[in-house]
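Colleague: Please take a close look at one part of this model, the helix that follows the loop, and describe what lies around it.

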Amino acid sequence: MEPSKSLPVAERPRRPEWMRVRAPSRDSRYFEVRELLHGQRLATICEEARCPNIGECWGRGTATFQILGETCTRACRYCYVHSGRPDAPPDPLEPLRLAQTAKQMGLSHVVVTSVDRDDLPDRGAGQFAAVTRALARILPAASVELLTPDFLGVEEEALLTVLAERPQVLGHNIETVRRLHRSMRGAKADYDGALALLARAKELARYPVLTKSGLIVGLGETNDEVLETMRNLRAHGVDVVTIGQYLRPSPKHAAIDRWVHPDEFRAFREEGERMGFGSVFAGPLVRSSYRADEQRHAAESGRGAVAY
Ligand code: SF4
């Protein structure tokens, strides 16, 4: 695949038409979902990360829960989530509130992620496990997808804690290519560590867990580097991969290096299928939790690459 070239800032086009998003509509479930989530004091990555798909996803009655507070102990250059020192321990009632809310929303697939909590001895693994347990009790028919941080320094114990509750999908986003990993994610981030975590999850699970990872593009990588990262993920047993365009959440964040064309995303999907992923979701507005229920079904039914 031809690597697409970065343009000087002055020549960079404004947001192309394929990046246009749907605004929340009055006749969708958007406002009902918002009221429910705010009323239960539950955070979502949809709001915290200013996701462009919020109108569509909440309008469909879905959302991705963000547990363990609203302050992240890391400061990735592309991420809008607030960075700092969290001032509270995990909320012991959060798992119950989350499970009850997921039930009220009528979710059949519940996606849960978190801020990084390097301040906690277990890096938050216990709260992921407690949420999964609460969901199993209150909404037993739903499948559970956990998109976890890297559990730095306690990877093995944290994976064992989380996998003991048997989530159907365990994801960890590698986010960017090897060359940009440290500069975008900070000194604690480790490209090979992320791959190792995903591989180890498969080894430790005593059931057929689906593993998943995601990349954002437009941060300065080339298409060949994206393909190399996909090959690395596949070599570490990852089943589901997502690839989407980076959007700069504020002027303080990393600049957009390029707009990746829909044809380039199509090429990622085709290459991903050839590599043997169970599912490849690649498209301008794809995020790791975008239509996560469909990603899971695609992987389980062997449908392969899906265009969005
Ligand atoms: S793509 Fe994910 S984070 Fe974005 S609105 Fe949808 S569920 Fe929320």
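Modeller: What follows goes through a helix pair, then the loop before one of its members, then the ligand shell. The model is a predicted one.

Helix α4 covers residues 94-105, and its axis comes within 10 Å of the axis of helix α1, residues 30-39, with the two crossing at roughly 165 degrees. Because angles over 145 degrees count as roughly antiparallel, α1 is roughly antiparallel to α4. The crossing of α1 past α4 is right-handed. On the α1 side the contact is made by V33, L36 and L37, which meet T101, Q104 and M105 of α4. Sorted by class, the residues of this contact are four nonpolar and two polar, with no charged ones.

The loop between β2 (64-67) and α4 holds P86. P86 has 20 C-beta neighbours inside 10 Å and therefore counts as buried. Apart from neighbours within four places in sequence, the contacts of P86 are G69, T71, T73, R117 and D119. As for T148, 62 residues separate it from P86 in sequence, and the C-alpha to C-alpha distance is 17 Å.

The ligand has a shell made of I45, C46, C51, N53, I54, C57, T62, A63, T64, R287, S289 and Y290. Two or more of these residues come from α2 (45-48), and two or more from α3 (54-59). In terms of class, the shell around the ligand has seven nonpolar residues, four polar and one charged.

Key: Residues numbered from 1 in each chain as written. Predicted model: local features only at pLDDT ≥ 70, side-chain atom pairs only at ≥ 80, totals over all residues. Axes fitted to C-alpha atoms, helices over the stretch in contact; angles between N-to-C directions. Helix = DSSP H or I, 4+ residues; strand = E, 2+ residues; numbered from the N terminus. Parallel < 35°, antiparallel > 145°, perpendicular 65-115°, else oblique. Left-handed = near helix turned anticlockwise from the far one by under 90°. Contact = placed C-beta atoms within 7 Å. Nonpolar A, V, L, I, M, F, W, Y, C, P; charged D, E, K, R; others polar. Near = placed C-beta within 6 Å. Buried ≥ 20, exposed ≤ 12 C-beta atoms within 10 Å, placed from the backbone.
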